[in-house]
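Hi,

Here's the structure I said I'd pass along. Have a look, and my notes on what turned up are underneath.

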Amino acid sequence: MAREKRQRGVRDLTNQGPSEDCPGVPHRKRYLFVCTNRRDEGHPKGSCAASGGEELLKLLKAGLLKRGLSHEARACGSTCLDLCEIGATVMQEPEHVAYGNVKPEDVPDILEAIATGSVAARLVVPPPSDDP
């Protein structure tokens, strides 16, 4: 298998750290995945892009930079996080919490949570109940 990959020019990076020709990905302590998924107008699930997801992504990126947190955290655009029906959605990792119905005025609270290593509790979407 390894020989086959070498012949195709594919490198096996399993259990291999960064190297000179492959420096690796900068690691951050936290990631904010902002849904910017766009659906047709009138779609029953809604659309995070139409709910302000693209603006939120810009605000979070600028806020992280302004607060000097861009080396600690990164805001990334994402496709559907399966929560579009509750408004613009942001997933915070590694805490694995979803923020729902996020508005531009919520950005300072999210940035504060990133700065303090916590969660913006008032924005958290509770996980679905297993109860029928």
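Starting with the rings: searching the whole structure, which is a predicted model, turns up one aromatic pair. Tyr31 and Phe33 are the partners, with ring centres 6.2 Å apart and planes at 15 degrees; that angle is under 30 degrees, so the pair is stacked. Phe33 comes out as partly exposed, at 29% relative accessibility.

Next, the strands. β1 covers residues 30-35 and β2 covers residues 73-78, and the two pair in the parallel sense over six bridges. To get from β1 to β2 the chain passes through helix α2 (residues 53-66), a β-α-β crossover that is right-handed. In that pairing, Cys35 sits opposite Ser78 of β2.

And the cysteines: how many disulfides does the structure hold? Zero. Cys35 is buried, at a relative accessible area of 0%. Cys76 has 14% relative accessibility, which is under the 20% limit, so Cys76 counts as buried too.

Zooming out, the protein chain has three helices and four strands, running α-β-α-β-β-β-α from the N terminus. It has 132 residues, and 33% of them count as buried. If you're thinking about contact maps: taking contacts in the protein chain with a separation of 6 or more, 61% come from residues 24 or more positions apart. The exposed surface of the protein chain is about 8700 Å², with carbon and sulfur atoms supplying 53% of it.

Cheers

Key:
Residues are numbered from 1 along each chain as its sequence is written. This is a predicted model: local features need pLDDT of at least 70, side-chain atom pairs count only at pLDDT 80 or more; totals for chains, interfaces and linings use all residues. Side-chain values use heavy atoms; hydrogens and water are left out. A disulfide is a pair of cysteine sulfur atoms within 2.5 Å. Buried means under 20% relative accessible area, exposed over 50%, partly exposed in between (1.4 Å probe, protein chains only). Rings of Phe, Tyr and Trp (its six-membered ring) pair if their centres lie within 6.5 Å; planes under 30 degrees apart count as stacked, over 60 as edge-to-face and the rest as tilted. Two strands pair if DSSP finds at least two bridges between them. A crossover is right-handed if, with the strands pointing away from the viewer, the path from the first strand over the helix to the second runs clockwise. Contact means heavy atoms within 4.5 Å. Accessible areas come from the Shrake-Rupley method with a 1.4 Å probe; for residues, only the protein chains shown count as cover.
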